[in-house]
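Colleague: I would like a close look at one part of this model, its salt bridges. Please walk me through them step by step, and then cover whatever sits around them.

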Amino acid sequence: MDTAAAQRGNIELTGAMVSTVASPAGTMSARRLRSEDYNDYSSTEASPDSGPPEGLSGFSSPSSYQRFGEADGTTWFQTLIHLLKGNIGTGLLGLPLAVKNAGIVMGPISLFVIGIIAVHCMHILVKCAHHFCNKHQKPFVDYGDAVMHGLEASPSAWLRNHSIWGRHIVGFFLILTQLGFCCVYFVFLADNLKQVVSAANATTSSCDGNETMVLAPTMDSRLYILSLLPFVVLLVFIQNLKFLSIFSMLANLAMICSLLMIYQYIVRGIPDPSSLTLVAQWKTYPLFFGTAVFAFEGIGVILPLENKMKNPQQFPTILYVGMGLVTVLYITLGALGYMRFGDMIKASITLNLPNCWLYQSVKLLYSFGIFFTYALQFYVPAEIIIPVAVSQVPERWALWTNLFLRTCLVCATCLLAILIPRLDIVISLVGSVSSSALALIIPPLLEISTYYSEGMHPATVVKDVVISLVGFIGFVVGTYEALLELIVPTVSNATSALQ
């Protein structure tokens, strides 16, 4: 995931935001989804005081449309790295448990199918954005504007009259998604810190075992979440993205090292997988769906990444290559993680690592990365909500209002994390409720609304309707099953999540 009402002076920070995101969802550049208070000119040589570059105003058909890259834009390799960063985060670590909820055969196949659908929806979004850039002679159209223009092109008069709600809907789901990410981070940090602290006395230099044998009494996970609150509040008071980007780069390096250590551990000593469930019960499949969509929810970074490229024409290839690598990573870690730990797999695979200093440090390294990623993910809803509120108070109260609202938003995510302290359920809920809307439901409907009046092949309409229905069914059933699991947990999932 992009959307905030940013000041013009902050536009140059967008590149830093894109390069520092490490999420599934994740998507700091998602803040550019909402552009009603500024115009983005970074994809062209246009400026607020000048018209579009020569040739942009002469488009007569979509086929003549061409993206104009900026001279100092990102290269194809930099864009590829940003795309990978924007799709790899906590959702990745929850995929082994998701594969368990689907089965060792059904899980990888489903991940592959969801990956294909998610990438296709990303392609739809880019195509529709290009169409409206051509139609309205704009250098850049973000997610919210694309949906708004799509409703304006709809054959329905009611939708045309309420087209502004397209932008509001995207903004709403983006806020929901990003605050959901923040809730996931609270629970992830608490679970990993709790395990490290409880196993501190039994931690050894030997990594032969794969389970902590002796756990010392320690606080409840909810108390760990609460104890993290002051540090997170102080973290979000830092509003300088350039300063945060230093910590974020260190966090990214820590997370990469952690992933390499996790991979090398799980590929050693995989037991006979013949006892694993091939296809799990249908009641647990919606939990898999929510986690999988949560992991694949990187659609928000797509348009900003393409916009920042030096040669945007290369982006389709980068999209397919990058998301292909992401899909392979998801399938391999999900399947191998489940094969390695079987029914003992936990909500985050880091919780299954052995009780030795090497792998305890892996948990701390990844937690370090997630802690600073919180501030970047939080920046999205903060930049959507806070400027509107601050504009309503006298200037002398602006700073205090800003800090107060930041504190309230962090406390809200902390409270939700305390109320739902199970990492697997939080991930599944966020994926089912908001990620499915942004990644699966809206893009196909946008394509229909955009091109229906211009003529669409019936097969394309059917395809888009089917994808949106799959997303909607996943949204409804996934949310229901996640809430049901929270209220009446099954023994196996509750054990894996809470151990």
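Modeller: What follows starts with the salt bridges and then moves on to a charged residue without one, a bent helix and the cysteines.

Keep in mind that this is a predicted model. How many salt bridges are there? The count comes to 8. Let us take three of them in turn.

Start with E447 and K127. Their side chains meet in a salt bridge, at 2.5 Å from N to O. Where do the two partners sit? E447 lies in helix α16, residues 423-451, and K127 lies in helix α5. The pair therefore ties together parts that are 320 residues apart in sequence. Now look at the surroundings of each partner. E447 has a relative accessibility of 3%, so it counts as buried, because the cut-off for buried is under 20%. K127 is partly exposed, with a relative accessible area of 31%.

Next come K463 and D464. Their side chains also form a salt bridge, 2.8 Å from N to O. K463 is partly exposed, at 26% relative accessible area. D464 is buried, at 0%. Now put these two pairs side by side. K127, E447, K463 and D464 are linked in a network of salt bridges.

The third pair is R422 and E485. Their closest N and O atoms are 3.3 Å apart, and they form a salt bridge. R422 lies in the loop between α15 (398-419) and α16, while E485 lies in helix α17, residues 458-487. This pair therefore ties together parts that are 63 residues apart in sequence. Are the two residues buried or exposed? Both R422 and E485 are buried.

Now for a contrast. D142 is buried, yet it has no salt bridge. Which side chain of opposite charge is nearest to D142? It is R167, and it is 5.5 Å away. A salt bridge needs the atoms within 4 Å, so that distance is too long to count. D142 does have another contact. Its side chain reaches the backbone nitrogen of G144 at 3.3 Å. D142 itself is found in the loop between α5 (106-136) and α6 (143-152).

Step into α6 and you meet A146. A146 is buried, with a relative accessible area of 0%. Compare its position with that of H130. The two are 16 residues apart in sequence and 9.2 Å apart in space, C-alpha to C-alpha.

Now turn to helix α14, residues 357-390. At 1.5 Å a residue, its 34 residues should span 50 Å. The C-alpha atoms at its ends are 47 Å apart, which agrees. Even so, α14 is not straight throughout. There is a kink of about 40 degrees in α14, centred on A382. How many of its residues are buried? The number is 24 of the 34, so α14 is largely enclosed by the rest of the structure.

Last, the cysteines. A disulfide is a covalent bond between the sulfur atoms of two cysteines. A search of the whole structure finds 0 disulfides. Why does C408 have no such bond? Its sulfur is 6.5 Å from the closest cysteine sulfur, in C411, and that is too far for a bond. C408 is partly exposed, at 35% relative accessible area. Another cysteine, C133, is buried, at 1%.

Notes:
Residues are numbered from 1 along each chain as its sequence is written. This is a predicted model: local features need pLDDT of at least 70, side-chain atom pairs count only at pLDDT 80 or more; totals for chains, interfaces and linings use all residues. Side-chain values use heavy atoms; hydrogens and water are left out. Helices (H or I, at least four residues) and strands (E, at least two) are DSSP runs, numbered from the N terminus. Buried means under 20% relative accessible area, exposed over 50%, partly exposed in between (1.4 Å probe, protein chains only). Lys and Arg count as positive and Asp and Glu as negative; His and the chain ends are not counted. A polar contact is a pair of N or O atoms within 3.5 Å; within protein, one must be able to donate a hydrogen and the other to accept it, and residues adjacent in sequence count only if both atoms are side-chain atoms. A disulfide is a pair of cysteine sulfur atoms within 2.5 Å. The expected span of a helix is 1.5 Å times one less than its number of residues. The bend at a residue is the angle between axes fitted to the seven residues ending there and the seven starting there.
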